Amino acid sequence: MRDSPDVLVPEVRDVKNKAIKFSAALKVGEHEDFDFVRTLYEGAIAGGAASLVVEAALYPIDTIKTRLQAVHGGGKVVLKGLYSGLAGNLVGMLPATAVFVGVYEPTKQKLLKSLPENLNALAHLAAGVVGGVASSIIRVPTEVVKQRMQTSHFASASNAVHVIVSREGFKGLYAGYGSFLLRDLPFDAIQFCIYEQLRIGYKLAAKRDPNDPENAIIGAFSGAVTGAITTPFDVIKTRLMVQGSNSQYQGIRDCCRTIMKEEGARAFLKGIGPRVLWIGLGGAIFFGVLEKTKQMLANKGRPVPEKPVESR
C-alpha cells in the first residue's frame with residue numbers, strides 16, 4: 001500500500017529542514033556580524049598556544065632533520081645538543097604563528113562569505129598564502145637563527161643575531177627569504193586547505209563537528225602529506241639559510257644545480273623521514289590545540305551560534 005500525500009509531505013519537510021539546518025551550521029557566521037578584531041585576536045591566541053606546545057615537544061626531531069639536510073655528501077650527523085636554539089626559536093615562533101593564524105582566520109572567513117560555496121577550497125588556499133606572507137617577516141629571521149644554532153654555528157640566539165648582522169648585515173637575517181617563501185607559502189596553503197576540506201567532509205559524513213582526537217588525526221594526516229610534498233623546497237631553504245657568509249650557493253637556481261650535480265636527485269629528499277614524522281606529529285598537536293583553544297575562547301566570549309533559540 002502506497003503512503004498518502006498527507007503522510008509524505010511532513011516527512012519531506014522534516015528531511016528538508018534538517019538538511020537546511022546542517023548546511024547552515026557549516027557556514028561561517030551567516031547570520032552574525034563579522035567581528036574582524038575578535039576573530040584576529042582569538043586566532044592569534046590559539047595559534048600562539050598551539051605553536052608553543054608543538055615547538056617544545058618536537059624540537060629535537062626538527063634539529064635532526066635540519067642537520068641531515070645541511071650535511072654534504074656522506075657527512076655524519078651529530079646527535080648532541082638537539083635543543084640548541086629552542087629558547088630563541090620560541091621567542092620568534094610564538095608571535096609568528098600568532099600572526100599567521102590571526103591573519104588566516106579572518107581572511108578565510110571573509111573569502112568564504114565572498115566566494116561561492118563550491119570554491120571554499122580556494123578560500124582556504126588563498127588565506128594560507130596571505131597568512132604565510134604576513135608572518136614571514138618574523139618567521140624568516142627566526143628560522144635563520146634557529147637553523148644556524150641547530151648546525152652548531154652559535155651558542156645563543158643573541159650571539160647569533162649579533163654575529164649575523166655584523167658579518168652579513170641586516171639582510172643576513174633574511175638569508176634564503178625567497179626559498180623560504182617557495183617552501184612555506186605552498187606548505188601553509190596546502191596543509192590548511194587539506195585540513196579544512198577533510199573537516200568539512202567529516203562534518204558532512206558524520207553530521208557533527210569532529211571531536212578533539214578526530215581533529216588531531218585530520219591534522220596529522222594533512223601535516224604528513226604536506227611535509228612529504230614540500231621536502232625538496234625545505235632542503236633548498238636549509239642550504240641557503242645555513243651557508244652564512246661563505247655564499248656557496250648564489251641563489252635558488254644555483255643551489256638546485258649544485259645539489260643535483262654534486263649529490264644527485266636523492267639529496268632533495270634528505271631528512272624526509274624526520275620531516276614527515278615531525279610535521280605529522282606536529283599537525284596532530286597543533287590542530288588539536290588550535291581547535292580546542294578556539295572553542296574555549298568562543299564559548300567564553302560569546303554564545304554558541306549553532307544552538308537555535310527555542311520559541312515559546
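Helices here are DSSP runs of H or I with at least four residues, and strands are runs of E with at least two, numbered from the N terminus. Keep that in mind for the legends below, which all show a predicted model.

**Figure 1. The whole chain is built from helices, with zero strands.** There are 10 helices, and reading along the sequence gives the pattern α-α-α-α-α-α-α-α-α-α. Of the 312 residues in the chain, 43% are buried. Take the contacts between residues at least 6 apart in sequence: 77% of them join residues at least 24 apart. On the outside, the chain exposes about 16,500 Å², and carbon and sulfur atoms supply 64% of that area.

**Figure 2. Two of the stretches that UniProt lists as "transmembrane region".** The UniProt entry, which is unreviewed, puts this feature at residues 40–61, 82–101, 121–140 and 267–290. In the model, residues 267–290 are 79% helix and 0% strand, with the end C-alpha atoms 34 Å apart. Residues 40–61 come out as 100% helix and 0% strand, and here the end C-alpha atoms are 31 Å apart.

**Figure 3. A look into the largest nonpolar core, which has 18 residues.** Phe192, Phe286, Phe287 and Leu290 have the most contacts inside this core. Helix H2 (36–70), helix H3 (86–114), helix H6 (177–206) and helix H10 (272–301) each give it two or more residues. Zoom in on Phe287 and, setting aside residues up to four places away in sequence, you'll find it touching Gln191, Phe192, Tyr195, Asn215, Gly219 and Ser222. There's also a second, separate core of 11 residues, with Val140, Val144, Val145 and Val163 among them.

**Figure 4. Ala220 and its contacts from elsewhere in the sequence.** Ala220 sits in helix H7 (residues 212–229). Skipping neighbours within four places in sequence, Ala220 is in contact with Gly280, Gly283 and Ala284. Ile279 is 59 residues from Ala220 in sequence, yet their C-alpha atoms are 7.4 Å apart in space. Ala220 has a relative accessible area of 22%, so it counts as partly exposed.

**Figure 5. A nonpolar patch on the surface, made by Phe36, Val37 and Leu40.** Together these three residues have about 280 Å² of accessible area. Phe36 belongs to helix H2. It's partly exposed, with a relative accessible area of 42%.

**Figure 6. Glu196 and Lys108 pair up in a salt bridge.** Their closest N and O atoms are 3.0 Å apart. The pair links distant parts of the chain, with Glu196 in helix H6 and Lys108 in helix H3, 88 residues apart. Are these two buried or exposed? Buried means under 20% relative accessible area, so Glu196 counts as buried at 9%, and Lys108 does too at 8%.

**Figure 7. Salt bridges that share partners form one network.** The structure holds 22 salt bridges. Arg139 meets Asp188 through their side chains, at 3.1 Å from N to O. Arg139 lies in helix H4 (residues 120–150) and Asp188 in helix H6, so this pair ties together parts that are 49 residues apart in sequence. Both Arg139 and Asp188 are buried. The network takes in Asp62, Lys65, Arg139, Glu143, Lys146, Arg183, Asp184, Asp188, Asp234, Lys237 and Arg275.

**Figure 8. Lys65 and Asp62, a salt bridge within helix H2.** The side chains meet at 3.6 Å, N to O. These residues are three apart in sequence, about one turn of the helix. Lys65 is buried, as is Asp62.

Definitions and conventions:
Residues are numbered from 1 along each chain as its sequence is written. This is a predicted model: local features need pLDDT of at least 70, side-chain atom pairs count only at pLDDT 80 or more; totals for chains, interfaces and linings use all residues. Side-chain values use heavy atoms; hydrogens and water are left out. A nonpolar core is a set of buried Ala, Val, Leu, Ile, Met, Phe, Trp, Tyr and Cys residues joined through side-chain atoms within 4.5 Å. Buried means under 20% relative accessible area, exposed over 50%, partly exposed in between (1.4 Å probe, protein chains only). Contact means heavy atoms within 4.5 Å. Patches are made of residues with over 30% relative accessible area and no salt bridge: like charges are joined within 9 Å, nonpolar side chains (Val, Leu, Ile, Met, Phe, Trp, Tyr) within 5 Å. Accessible areas come from the Shrake-Rupley method with a 1.4 Å probe; for residues, only the protein chains shown count as cover. A salt bridge is a side-chain nitrogen of Lys or Arg within 4 Å of a carboxyl oxygen of Asp or Glu. UniProt positions are given in the numbering used here, feature names are shortened, and annotations may be inferred rather than shown by experiment.
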